[in-house]
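Me: Could you take a close look at a single helix of this model and describe how it packs against its neighbours? Please continue from there to some of the strands, and say what each term means when you use it.

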Amino acid sequence: MKTLWRWAGGLAVACLAGTAPAETVLERIGAGGKLVIAHRESSVPFSYVDTQTGKPVGYAVDLCLRLAEAVRRKTGRKDMAVEFLQVTPANRIAMVEQGKADLECGSTTNNAERREKVAFTVPHFITGARLLVKAVSPIDRIEDLMGKKLVSTKGTTPLKAAEQANRERLMGITLVEAPDHARALEMVEKGEADAFVMDDVLLYGLAASRPDPKALKVVGRFLTTEPLAIMLPRNDPEFKKLVDEEMRRLITSREIYPIYDKWFAKPIAPHGTVLNLPVSYLLRDFWKYPTDQVPF
């Protein structure tokens with residue numbers, strides 16, 4: 001009987017050990033681990049690979065590197081390594097949810113559906129979905145796409161907005177999913193799609209990166225309002241508190257403005273193009289009282 005009780009007691013201890021909370025990001029870093037930053041391939045100017053250097057760059061990448069410095073200060077690990085992980089619109093949420101990335105530094109919209117799986121910090125940009133078409137195209141709004149072909153990137157909120165508009169307005173648009181922004185842009189250039197619906201700032205960035213930017217134009221009213229923010233793990237309040245505090249500090253100290261200007265008002269890699277996008281009134285007003293809470 002004593003042997004049985006010892007066995008049962010050991011089993012109980014094992015079960016309790018199995019339900020112990022997972023290691024937090026700061027605990028892992030403090031023990032000598034690395035910080036994993038997820039980045040995108042072609043989300044210009046937020047997060048993309050510079051074709052000349054092969055390295056990830058962008059507005060959101062720069063912000064994440066500032067957040068990495070905050071992690072170093074908090075943990076005291078000056079030797080903390082940073083690893084970059086390239087993700088796509090389709091797998092970016094899963095990479096954070098599964099713990100394969102600690103920060104996703106791109107152009108991801110903070111909305112209620114995604115907050116069920118991941119957390120978000122204070123938005124670094126507010127945009128909306130519009131249409132990219134050829135400069136010679138007569139298309140000026142989504143209603144002009146009736147019976148035509150519209151492409152968007154798989155796993156994005158503009159794609160869902162376009163699906164809803166098409167369904168509710170009975171426009172008969174053929175919707176096509178592209179694996180990434182670069183492929184969607186290519187489809188418009190080759191005439192495989194009549195328009196590409198995506199956040200307007202990304203469309204401006206993609207067009208500016210082409211050999212002939214004037215061959216494309218951004219048109220139409222906003223289909224959505226998109227607060228873009230850095231993703232992080234959902235159930236790690238200590239890490240989120242640190243990230244939120246650093247984002248608020250960057251905003252309230254106005255240190256974020258030179259970072260913004262670097263990517264939206266000055267020449268950027270790889271072609272030295274200038275987007276000429278000043279801080280919008282929506283973002284400027286939001287930054288007066290920076291918060292991770294958004295009404296979407």
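Reply: What follows describes the packing of one helix and then the pairing of some strands.

The model is predicted, so that local features need pLDDT of at least 70 and side-chain atom pairs count only at pLDDT 80 or more, while totals for chains, interfaces and linings use all residues. Residues are numbered from 1 along each chain as its sequence is written, and side-chain values use heavy atoms, with hydrogens and water left out.

The helix in question is α3, residues 59-75 (helices are DSSP runs of H or I with at least four residues, strands are runs of E with at least two, and both are numbered from the N terminus). Its axis comes within 10 Å of that of helix α9, residues 237-252, and the two cross at roughly 120 degrees (axes are lines fitted to C-alpha atoms, for helices over the stretch in contact, and angles run from 0 to 180 degrees between N-to-C directions). That angle makes α3 oblique to α9 (under 35 degrees counts as roughly parallel, over 145 as roughly antiparallel, 65 to 115 as roughly perpendicular, and the rest as oblique). The crossing of α3 with α9 is right-handed (the near helix is turned clockwise from the far one by less than a right angle; anticlockwise would be left-handed). On the α3 side, the residues in contact include L63, R66, L67 and V71, and those they meet on α9 include F239, L242, V243 and M247 (contact means heavy atoms within 4.5 Å). The residues of this contact of α3 with α9 divide into 9 nonpolar, no polar and 6 charged (Ala, Val, Leu, Ile, Met, Phe, Trp, Tyr, Cys and Pro count as nonpolar, Asp, Glu, Lys and Arg as charged, and the others, Gly among them, as polar).

Helix α3 also packs against helix α10, residues 256-264, at an angle of about 150 degrees and with the axes 9 Å apart. That makes α3 roughly antiparallel to α10, and here too the crossing is right-handed. Y59, D62, L63 and R66 of α3 make this contact with I256, I259, Y260, K262, W263 and F264 of α10. By class, the contact of α3 with α10 has 7 nonpolar, no polar and 3 charged residues.

Turning to the strands, an open sheet of 3 strands runs in the order β2-β3-β4 with antiparallel pairing (two strands pair if DSSP finds at least two bridges between them). Strands β2 (42-43) and β4 (56-57) stand at its edges with a single partner strand each, so one side of each is left without a neighbour in the sheet. Strand β3, residues 47-49, pairs with β4 over 2 bridges, and Y48 has V57 in β4 as its bridge partner.

Elsewhere, 5 of the 6 residues of strand β9 (residues 129-134) are buried, so this strand is largely enclosed by the rest of the structure (buried means under 20% relative accessible area, exposed over 50%, partly exposed in between, with a 1.4 Å probe and protein chains only). Strand β9 is joined by 4 bridges to the antiparallel strand β12, residues 195-199, where A129 stands opposite D199.
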